[in-house]
Each structure stands twice: as structure tokens, then as C-alpha cells.
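Please examine the structure shown below before reading on. The report that accompanies it is written for a reader who is new to structural description.

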Amino acid sequence: MATLGDLERAVMDVLWSSDDALSANDLRDRLHASDRDGARDVAVTTVLTVLSRLEGKNFVSRDRSMRPHLYRSVTSRAEHTAGLMHEVLGTAPDREAALARFIGSVSPAEAETLRELLGASSRNAASSNRQ
Amino acid sequence: MFFTSAVLACLAVLLAWPVPLLLSRAQWPSRAPGTALVLWQAIALAGGLSMIGAFVTYGLIPFGPNLLGALAEVTRHLFDGTLPSSADLGHIFALCIAVLFAGHLLLNLALTIARTERQRSRHLSLINLLSAPMPDRPGTRVLDHPAPVAYCLPGMSRSVTVLSEGLVSLLDAEQLRAVIAHERTHLRQQHHIVLVAFKSWHSALPWFPIANRAENAVGLLVEMLADDQARRVVDDNTLATAIALVASEGTDRPDGSTLEHLHSRDTSSGVVGRRVERLLSPHPPLSASARISVLVVSFALLLVPTLLLVVI
């Protein structure tokens with residue numbers, strides 16, 4: 001059973017890969033065709049629920065001028081990922097990263113030292129293997 | 001009261017400047033990061049308490065001989081709109097400073113927490129759309145991006161560890177295990193709570209260099225704590241290699257596109273080097289007696305201003 005989160009992701013993937021705005025019925029058909037877990041037999045009412053949630057989070061915009069309503073993604077996948085990475089790397093201008101990274105900022109000199117260290121340690125490993 | 005106020009003021013000055021400066025330069029914290037983290041928190045709390053306490057006790061001198069009695073007296077005077085005859089501008093000024101300073105610190109803490117939570121939940125909803133769950137690793141997701149990054153996202157209900165495709169392809173299975181164990185430790189030990197407290201302290205006092213130092217020191221200590229847990233899963237060399245690989249790969253990008261900032265903004269410079277050095281040439285952990293002494297000192301630091309305020 002797919003969770004709501006999985007369905008949201010599946011719907012966004014379809015919208016991101018589509019050039020045109022899609023209706024809920026189009027979306028359901030593409031989800032069925034996509035063969036993803038839990039998306040194969042999803043009902044159109046579920047798709048509409050997911051879409052309104054995504055609209056609430058401002059990931060999806062709805063064109064109400066036509067019947068049926070047409071949906072498209074507000075921002076492309078690549079732009080979202082880039083924004084996320086800016087946040088992660090602390091380069092986003094308006095926000096401090098609210099998360100702890102495995103490796104924080106590294107100065108070029110420090111990176112160079114680490115590369116030398118890596119070279120030395122792999123040589124050491126090789127020589128101790130020979131002994 | 002004047003004596004209490006003077007003692008608290010001395011304590012506040014000591015804890016605001018020489019003590020944290022010495023601690024940030026000391027070598028032993030890397031041998032007992034958890035203990036050092038307790039000491040940092042004790043210094044920050046006791047420092048803030050002494051500072052506010054010094055102003056409060058000085059300001060309350062005209063109102064009575066002990067804290068509770070004097071506070072009751074202040075409330076009465078506030079309602080009546082009068083002042084005791086012995087109260088001068090200095091006392092009133094000290095009371096205002098105490099209230100403003102305490103309010104400033106608490107408000108900043110609340111704002112920092114609220115802002116951080118909002119960013120995290122927005123980030124989490126984006127991550128859930130953009131990343132795929134890692135098979136066989138619950139709570140771990142993989143983000144499709146070439147830069148090697150790993151981080152954790154503490155959440156109210158569900159915490160997530162995020163790895164990028166770049167990181168997964170850079171590291172071998174053992175090194176990846178080390179990274180995941182490291183990030184899990186941040187989440188399990190709730191490091192974000194300590195970090196947010198020190199971040200808010202720094203943002204409340206941006207002109208105060210010690211706050212910056214403290215934030216960096218605490219940031220390094222939680223990394224060391226997480227490294228220590230990762231060392232239980234893999235050997236020291238594997239973890240050190242993973243750190244060095246991610247760190248050097250992160251800056252070695254000819255196009256420099258997303259990672260340009262790493263060259264310009266090395267505020268926490270030295271963190272990675274110190275972590276790696278600690279793994280490659282480990283010093284023995286601090287002795288139990290030394291660790292207990294530090295904990296006793298931490299406890300005493302909190303106890304002294306509290307007792308001074310309450311008892312006298």
C-alpha cells in the first residue's frame with residue numbers, strides 16, 4: 001500500500017516529465033501506465049486529493065478556466081533540486097541551513113591537505129598489504 | 001544584595017570571556033566531546049543567568065534584602081506607581097537592562113526555533129517529493145544530485161537522513177555505512193537542540209565574538225560525537241577516508257558551480273582537518289576521573305549563580 005507521500009511523489013514525477021498541463025484523468029492514466037507501486041490502481045478521486053494537497057503546498061498550479069481543471073508543476077524538478085542544494089550548502093541568501101551536514105565548509109588548502117593524506121594512506125595500505 | 005550582585009557580575013564576566021576562550025583553545029575536548037559539550041552548555045547557561053542575575057540583584061537593592069521579598073516589593077510599587085526613597089536611576093536602569101536582556105535572549109531563542117522548524121518542514125516536504133527512499137535502509141533517502149553531500153533532517157515525527165547520488169557513487173559500502181551511522185547519531189542524540197540553542201545565542205549577540213566561537217566549538221563537538229558512534233560500526237581508517245573523500249571531492253570541481261561558496265566562506269575552517277586528524281592519530285580518551293571533574297565543575301557552574309540568587 002502506497003502512502004500519501006509516495007503518491008505525491010508519483011504525481012509530481014508525472015507532472016515534471018510532462019510538457020503540458022494535465023487533467024486528473026490524464027494523470028490517473030499515466031500513473032496506471034507508470035507501473036509504480038501503489039500507483040497502478042489509484043482512483044481519480046485519490047489523484048484529486050493528492051493534487052489539492054500539492055496545490056496547498058504550492059508545488060502544483062491549477063488552471064480553472066477549463067473543464068476539467070488542468071494541473072501543472074509550479075517549478076521544474078531541477079530548479080527544486082537546485083534550491084534544495086543551495087539550502088543544504090548554505091548558499092541560499094535568505095536562510096541559514098537548518099541541518100547538520102556530514103561535511104561542512106572546507107577551505108581549498110584544507111582540501112589539498114586531505115587529498116595528500118588520502119594519497120599517503122592508500123600507499124600505506126598497499127605497503128602493509130605486501131608485508 | 002550588593003555583595004551578591006558583585007559576585008554574579010564577576011562570574012558573568014569570567015564566563016563571558018576568559019573561560020570560553022580558554023575552553024575553545026583547549027585540546028582535551030576532542031578526547032571527551034560529550035563531557036565538553038556539557039561544560040559548554042553549563043557555561044552558556046550559567047553565564048546568562050549570572051549576567052541577568054547581577055543586574056536584577058543590583059536593581060533590587062532598594063526594594064529589600066532578599067530576591068523574593070524584593071520582587072514582591074517591586075510588584076507592589078509597580079501597581080502603586082511609586083518608588084522607594086532609596087531607589088535611584090542606576091537601580092531602575094539595571095532592572096530595565098535585566099528585563100530587556102532576558103527578553104531579548106528568550107525571544108531570539110523562540111524565533112530561531114520557529115524559523116528553523118519552518119525551514120525544516122518545508123525542506124522535508126521537498127525532500128519527500130524529490131528523493132527516493134533507499135532500499136533496505138529505513139529513514140534514508142537518496143537525492144539525485146552530483147555534489148557529494150549527506151545530512152540529516154530532524155523532524156517532530158519522523159527524521160530523515162539524506163544522501164546525494166554523488167555521495168553514494170563516491171563512497172564504497174563500508175564508507176557509506178560510516179556516513180549513515182554518523183548522521184543517525186546526530187538524530188538519535190538530538191544534536192539539533194544544542195545547536196539551535198547556540199545558534200540563537202550567537203544571533204542574539206552578533207557583536208560578541210565569544211558567541212561565534214562557542215557555536216563553532218559546539219558544532220565541532222557534535223561532529224566528533226557522531227564520529228565516535230560511527231567508529232563503532234567501521235574502523236577509524238574507513239571513517240577518516242570517507243570524511244577526506246567527501247571533503248576533498250566537494251571542493252575539487254573545475255566548474256565550481258554549486259560549490260563556489262566553499263572557497264569563499266570557510267567560517268568553520270579546520271573542522272574537517274581536526275576530525276580526520278583525531279581519527280588517524282587518536283589520543284586516549286580522557287580519564288574517568290578527569291571527566292567526572294569536568295561534570296562536577298559544570299554542575300557547580302550552574303549551582304553557584306542559582307544559589308546566590310535564591311538563598312541570599
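The following paragraphs describe the domains, the interface between the chains, the strand pairing and some backbone angles.

The model discussed here is predicted. In chain A, the domain assignment gives domain 1, covering 4-73, and domain 2, covering 104-131. The centres of domain 1 of chain A and domain 2 of chain A, taken over C-alpha atoms, are separated by 49 Å.

**The interface between the chains**

The size of an interface is often given as the accessible area that is lost when the parts come together. Between chain B and chain A, an area of about 4300 Å² is buried, and carbon and sulfur atoms give 65% of it. Within chain B, the residues that lose the most area to chain A are Q119(B), L129(B) and L130(B), which together make up 18% of what that side buries. In terms of contacts, 36 residues of chain A meet 58 residues of chain B.

Which kinds of polar interaction are found across this interface? The rule finds 11 residue pairs in polar contact between chain B and chain A, while the rule for salt bridges finds zero. Several elements of chain B each supply at least two residues of the side that touches chain A, among them α5 (89-130), β3 (150-153) and α10 (236-251). The helix α5(B) gives the most to this side, with 12 residues. By class, the side of chain B that touches chain A has 27 nonpolar, 19 polar and 12 charged residues.

**Strand pairing**

The pairs of strands described here are set out in the table.

| Strand | Partner strand | Bridges and direction | A bridge pair |
|---|---|---|---|
| β3(A), residues 100-101 | β3(B) | two bridges, antiparallel | A100(A) and C152(B) |
| β1(A), residues 60-63 | β2(A), residues 70-73 | four bridges, antiparallel | D63(A) and L70(A) |

The pairing of β3(A) with β3(B) thus joins a strand of chain A to a strand of chain B. Within chain A, a hairpin joins β1(A) to β2(A) through six residues.

**Backbone angles in the loops**

Most residues other than glycine have a negative phi, and most peptide bonds are trans. The loop between β1 and β2 of chain A contains P68(A), and the peptide bond from R67(A) to P68(A) is cis, with omega near -5 degrees. Where is N58(A) found? N58(A) lies in the loop between α3 (44-56) and β1 of chain A, and its phi is positive, near 65 degrees. In chain B, D136(B) has a positive phi near 70 degrees and lies in the loop between β1 and β2 of that chain.

Methods
Residues numbered from 1 in each chain as written. Chains lettered and ligands numbered in written order. Predicted model: local features only at pLDDT ≥ 70, side-chain atom pairs only at ≥ 80, totals over all residues. Heavy atoms only, no water. Domains from an automatic or database assignment. Contact = heavy atoms within 4.5 Å. Buried area = accessible area lost by both parts, 1.4 Å probe. Salt bridge = Lys/Arg side-chain N within 4 Å of Asp/Glu carboxyl O. Polar contact = N/O pair within 3.5 Å; in protein donor to acceptor, adjacent residues only side chain to side chain. Nonpolar A, V, L, I, M, F, W, Y, C, P; charged D, E, K, R; others polar. Pairing = 2+ DSSP bridges.
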